[in-house]
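Below are my comments on the model you sent round. They are arranged as numbered points and can be read against the coordinates.

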Amino acid sequence: MERKRMGVARGITAAIFLMLAGQQAVAAELAQAASVPPAGAAVTEWPSHWQIRLRALGVITEDSGYVNTVPGSGLSYSDTVVPELDISYFFTDNIAAELILGTTYANIEGQEAIGGLGNIGKAWLLPPTLTLQYHFTDFGAFKPYVGAGVNYTIFYKQDAGSADALNVKNTFGTALQVGFDYMVDQHWGVNFDVKKLFLKPDFDVTVDGAKLTGKAALDPWLIGAGVTYRF
């Protein structure tokens, strides 16, 4: 009788062990099934840290500046529309750095006391600008941002007009920025962006053999629209 009771106890213990083992196996299979996406379902991946934009950029300058030692002198500059490329790197979902690359030119005109000079000259400029941005991520596909940074403008291919010689000097400046991306899907979007550069290069000019100096207060607005691609 005692042997029979021991056998029944062993049987019950074995049954309980098998039930527990079976439950664990079923739970493991369900967890594995839940982790595998159904056939044909799209797998969502986090975007890359890198993003590029291609924009059409309007460069609208402030008509301000002067020639030293010529009271009442003024300057004005031509506005342009040019292509522009920017490259962004996202440190987090909210913080990014953006480098803009593009080139344009400015015709320099005499105004007021030196208005009779007309076109003083023309200078091409390369103004790479690096900004640190904060991106707002609480608006779905609409992703506004603000930024601030620094600029270093290189003036090249300078041609004198009514002046005998012209040399606009390379200079540092600062930049403020506001804009937004509207993402059509995970990678593609459209962009609108406005930057204000604070840019006041010094220049040397020779007119009728007289060497003069001055300051060209360009301070351009950069207004751009284009496409965004997030890798």
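**Notes on the predicted model**

1. This is a predicted model. I begin with a strand pair: β13 (residues 202–207) and β14 (residues 210–217) run antiparallel and are joined by six bridges. Val207 has Ala210 of β14 as its bridge partner.

2. The loop between β13 and β14 holds Asp208. Its phi is near 55°, a positive value in a residue other than glycine. Most residues other than glycine have a negative phi. Asp208 counts as exposed, at 73% relative accessibility.

3. Glu112 also deserves a look when backbone angles are checked: phi is near 55°, positive in a residue other than glycine. Glu112, however, is placed in strand β6. With a relative accessible area of 65%, Glu112 is exposed.

4. Which sheet do β13 and β14 belong to? They are part of an open sheet of four strands, ordered β2-β14-β13-β10, with antiparallel pairing. The edges are taken by β2 (64–67) and β10 (165–168); each has a single partner strand, so one side of each has no neighbour in the sheet. From one strand to the next, the twist averages 20°.

5. The largest nonpolar core contains 19 residues. Leu75, Tyr77, Ile108, Ile120, Val168, Phe203 and Val205 have the most contacts inside this core. Two or more residues each come from β3 (73–77), β6 (104–112), β7 (119–126), β10 and β13. A second core, separate from this one, has seven residues, among them Leu57, Val59, Leu197 and Leu222.

6. What does Phe203 touch, leaving aside residues up to four places away in sequence? The contacts are Tyr66, Val67, Leu75, Asn167, Val168, Leu212, Thr213, Gly214, Lys215 and Ala216.

7. The charged side chains are the next topic. The whole structure has 13 salt bridges. One of the pairs is Asp181 with Arg53, at 2.7 Å from N to O. Asp181 belongs to strand β11 (residues 171–183) and Arg53 to strand β1 (residues 50–60), so this salt bridge ties together parts 128 residues apart in sequence. Are these two side chains in buried or exposed residues? Asp181 is buried, at a relative accessible area of 3%, and Arg53 counts as buried at 1%.

8. Strand β1 supplies another partner, Arg55, which forms a salt bridge with Glu98; their closest N and O atoms are 3.4 Å apart. This pair links distant parts of the chain, since Arg55 is in β1 and Glu98 in strand β5 (residues 95–101), 43 residues apart. Arg55 counts as buried at 3% relative accessibility, and Glu98 at 0%.

9. Glu98 has a salt bridge with Lys195 as well, at 3.3 Å from N to O. Lys195 lies in strand β12 (residues 188–198), and the two residues are 97 apart in the chain. Lys195 is buried, with a relative accessible area of 3%. Through shared partners, salt bridges join Arg53, Arg55, Glu84, Asp86, Glu98, Asp181, Asp193 and Lys195 into one network.

10. For anyone assigning protonation states, the network above is the part to read with its burial values alongside: Arg53 is buried, Glu98 is buried and Lys195 is buried. By contrast, the residues with positive phi in points 2 and 3 are exposed: Asp208 and Glu112.

Methods: Residues numbered from 1 in each chain as written. Predicted model: local features only at pLDDT ≥ 70, side-chain atom pairs only at ≥ 80, totals over all residues. Heavy atoms only, no water. Pairing = 2+ DSSP bridges. Axes fitted to C-alpha atoms, helices over the stretch in contact; angles between N-to-C directions. Salt bridge = Lys/Arg side-chain N within 4 Å of Asp/Glu carboxyl O. Buried < 20%, exposed > 50% of the residue type's maximum accessible area, 1.4 Å probe, protein only. Core = buried A, V, L, I, M, F, W, Y, C linked by side-chain atoms within 4.5 Å. Contact = heavy atoms within 4.5 Å.
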